[in-house]
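Work through the exercises below with the sequence and the model open. Each task is followed by a solution in steps.

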Amino acid sequence: MERSKAWLYKTDCHLFYLCNEKIRSYLLFKMMGAITHLGGATATILSVVILSLINNPIIRPVAIASAASLIFSHIIVSIIKKGIPRLRPYIVLPNANVVDNPFKDHSFPSGHTTAIFSVTTPFMLILPFTTLILLPLAILVGLSRIVLGLHYPSDVIAGALLGTSSALGIVYLCQIVFNLF
């Protein structure tokens, strides 16, 4: 078991350096710095609130499901971050490139990645044509967290899975219980 954990951590670190160091350029770093904010609290909350206010019988219920998914997944992220106090890679790994004024809380799972997947997944499920834009956007937000030195790849993968599964549960609940879609 310990050998497997060591191998997973070593692989995680290798992938982190691959994204954070090897493919890094000034332009990429700046671009990822802008993209990462799309998974932040301001962007995700503002987007679901604005979309919930649109008087459209298709968009409004999906936006409400996205908001519910965002709230639910945020609660889960908060619980996990308290239970698994994993230090961020820029604190642990030598020569990690990191943005100015980085978060100092725990890294597992990635809250930005969880948020963007929890908000976009209901739209991708109910309005599949949005997947062409939303899925690459969500993936870029997750990748940005690694490039910027704030998360290990496993943090991002866990965030994507948590956000997606939260959204799947909420959409299922909305369909079965509330007959929204």
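**Exercise 1. Classify tyrosine 152 as buried or exposed, then find its ring partners.**

Step 1. Tyrosine 152 has a relative accessible area of 1%, so this residue is buried. Buried means under 20% relative accessible area, exposed over 50%, and partly exposed in between, with a 1.4 Å probe and protein chains only. This is a predicted model, in which local features need pLDDT of at least 70 and side-chain atom pairs count only at pLDDT 80 or more, while totals for chains, interfaces and linings use all residues. Residues are numbered from 1 along each chain as its sequence is written, and side-chain values use heavy atoms, with hydrogens and water left out.

Step 2. The ring centres of phenylalanine 16 and tyrosine 152 are 6.1 Å apart and the planes are at 50 degrees, so this pair is tilted. Rings of Phe, Tyr and Trp (its six-membered ring) pair if their centres lie within 6.5 Å; planes under 30 degrees apart count as stacked, over 60 as edge-to-face, and the rest as tilted.

Step 3. Phenylalanine 16 is in helix H1 and tyrosine 152 in the loop between H7 and H8, 136 residues apart. Helices are DSSP runs (H or I, at least four residues), numbered from the N terminus. Both phenylalanine 16 and tyrosine 152 are buried.

Step 4. The search of the whole structure gives 3 aromatic pairs. In one of them, tyrosine 9 and tyrosine 152 have ring centres 5.9 Å apart and planes at 55 degrees, so that pair is tilted. Tyrosine 9, at 35% relative accessibility, is partly exposed. Ring pairs join Tyr9, Phe16, Tyr17 and Tyr152 into a cluster.

**Exercise 2. Which residue lies over the face of tyrosine 152, and what salt bridge does that residue form?**

Step 1. Arginine 86 lies over the ring face, 3.9 Å from the ring centre of tyrosine 152. A charge sits over a ring if NZ of Lys or CZ of Arg is within 6 Å of the ring centre and within 35 degrees of the ring normal.

Step 2. Arginine 86 also forms a salt bridge with aspartate 155, with the closest N and O atoms 2.8 Å apart. A salt bridge here is a side-chain nitrogen of Lys or Arg within 4 Å of a carboxyl oxygen of Asp or Glu.

Step 3. The partners sit in distant parts of the chain: arginine 86 in the loop between H4 and H5, and aspartate 155 in helix H8, 69 residues apart. Both arginine 86 and aspartate 155 are buried. Shared partners join Asp12, Arg86 and Asp155 into one network of salt bridges.

**Exercise 3. How many salt bridges does the whole structure hold, and where do the partners of aspartate 105 and lysine 81 lie?**

Step 1. The search finds 5 salt bridges.

Step 2. One of them joins the side chains of aspartate 105 and lysine 81 (3.9 Å, N to O). Aspartate 105 is in the loop between H5 and H6 and lysine 81 in helix H4, so the bridge ties together parts 24 residues apart in sequence.

Step 3. Aspartate 105 is partly exposed at 39% relative accessible area, whereas lysine 81 is buried at 12%.

Step 4. Another joins glutamate 2 and lysine 5 (4.0 Å, N to O). Both lie in helix H1, 3 residues apart, about one turn of the helix.

Notes. Helix = DSSP H or I, 4+ residues; strand = E, 2+ residues; numbered from the N terminus.
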